[in-house]
Amino acid sequence: MQQGQGYLTTGDGVRLFFQQIGSGPKPVVIPNGFHMIDDFQCLSEDRTLIVYDLRNRGWSDHVSDPSKLTRGIHNDVDDLETVRRHFGISQVDLIGHSYLGLMVILYAMKYPACVNRVVQIGPMQPHAGKQYPAHLTCADGTLAEVFSKLGELQKERESTDPVEFCKKFWDILRVIYVSSPADADKINWGRCELVNERNMMRYWNESVFPSIKELKFEDVSKAQAPVLTIHGMKDRSAPYGGGREWAMMLPDARLLSVAKAGHAPWVEAPELVFGSIQEFLGGRWPEAAEKVMSMDL
């Protein structure tokens, strides 16, 4: 297995850090996927995985110029195009987790000729703030308990070392990303040693989320690539109803529902998730993936 890493530069001069795993002829790009990289190496046997940090995230440049941040998710879309061009990929396969599951659809709408296949995993819902029925969400007692603990933790922010505060934050938060508390220690997404990650919420609240709230998705038919939407039915972070809605509204999409899984379904159902991704990227719909005709289960 070959590995490489380095930086590439966007049109407005921001350096993005990337890592390349494998040497197969089929490239797969995973935006902001460093929290997934260890688990997803199983896909690199006949593919080249390209994972990169978004602008102002991870090892990519810290951006102090507000003009290079205000476009939020639209910067992410254009930065993904920079990544594709840098590696000379004619048609790219994409895997987007969480809000990047939404971003890769925006990319497929803007650059349809450049996309081969798209995998969304626990994607953020297409319409921010939309409320789904209770059976399509997982707003349970665990979520309320975690938010309460995080509220108490905020009282320690000024008196606690930033790295230690970040670690405490993630020790509390990781529980919401899995359906079983026994799997919580498998969520190691904090990257607390990196300043960009410790300051991520400010960037999200000031730039990224406001740009998402303005999205309309009035012409989603531009995204012609096949899309496999994988969604845990116990997802507390991105409601399962959003996954069903994506699979309904996209022109060529199917939904893989993972019954006993949360926001990281590959952690709780690895054989189903990775087997389905392999089959889909190989050109076939997984048997368990369904066409969604309504929001009803």
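**Exercise 1. Determine whether His 263 is buried or exposed in this predicted model, then place the residue and list its contacts.**

Solution.
Step 1. His 263 has a relative accessibility of 1%, and therefore counts as buried, given that the cut-off for burial is under 20%.
Step 2. In the chain, His 263 belongs to the loop that lies between β8 (253-258) and α9 (265-268).
Step 3. Leaving aside residues up to four places away in sequence, His 263 touches His 97, Ser 98, Gly 122, Tyr 177, Trp 189, Asp 235, Ser 237 and Ala 238.

**Exercise 2. Establish which residue forms a salt bridge with Lys 149, and how the two are placed in helix α4.**

Solution.
Step 1. The partner of Lys 149 is Glu 145, and the closest N and O atoms are 3.4 Å apart.
Step 2. Both belong to helix α4 (residues 141-153); because they are 4 residues apart there, about one helical turn separates Lys 149 from Glu 145.
Step 3. Lys 149 has a relative accessible area of 43% and is partly exposed. Glu 145, at 45%, is partly exposed as well.
Step 4. As a general principle, side chains of opposite charge can pair when their charged atoms come close.

**Exercise 3. Carry out the corresponding analysis for Glu 164, and then for Arg 284.**

Solution.
Step 1. Glu 164 forms a salt bridge with Lys 167, with 3.8 Å between the closest N and O atoms.
Step 2. These two residues lie 3 residues apart in helix α5 (residues 162-173), so about one helical turn separates them.
Step 3. Glu 164 is partly exposed at 39% relative accessible area, and Lys 167 is partly exposed at 42%.
Step 4. The side chain of Arg 284 meets that of Glu 279 in a salt bridge, at 4.0 Å from N to O. Arg 284 has a relative accessibility of 47% and counts as partly exposed; Glu 279, at 28%, also counts as partly exposed.
Step 5. The structure holds 23 salt bridges. Salt bridges also link Asp 12, Arg 55 and Asp 79 in a network.

**Exercise 4. Describe the backbone phi of Asn 56 and of Arg 191, and state where each residue is found.**

Solution.
Step 1. Most residues other than glycine have a negative phi.
Step 2. Asn 56 is not a glycine, yet its phi is positive, at about 65°. Asn 56 lies in the loop between β4 (47-52) and α2 (73-86), and with 8% relative accessibility it counts as buried.
Step 3. Arg 191 likewise has a positive phi, near 50°, in a residue other than glycine. Its position is the loop between α5 and α6 (195-198). At a relative accessible area of 14%, Arg 191 is buried.

**Exercise 5. Work out how many residues of β4 are buried, and which strands are joined to β4.**

Solution.
Step 1. Of the 6 residues of β4, 6 are buried, and the strand is mostly covered.
Step 2. Consider each face in turn: Arg 47, Leu 49 and Val 51 are buried on one side, and Thr 48, Ile 50 and Tyr 52 are buried on the other, so that both faces are covered.
Step 3. Strand β2 (residues 15-21) runs antiparallel to β4 and is joined to it by 4 bridges. Here Ile 21 stands opposite Leu 49.
Step 4. Strand β3 (residues 26-31) runs parallel to β4, with 6 bridges joining the two. In this pairing, Val 29 has Ile 50 as its bridge partner.

Terms used: Residues numbered from 1 in each chain as written. Predicted model: local features only at pLDDT ≥ 70, side-chain atom pairs only at ≥ 80, totals over all residues. Heavy atoms only, no water. Buried < 20%, exposed > 50% of the residue type's maximum accessible area, 1.4 Å probe, protein only. Contact = heavy atoms within 4.5 Å. Pairing = 2+ DSSP bridges.
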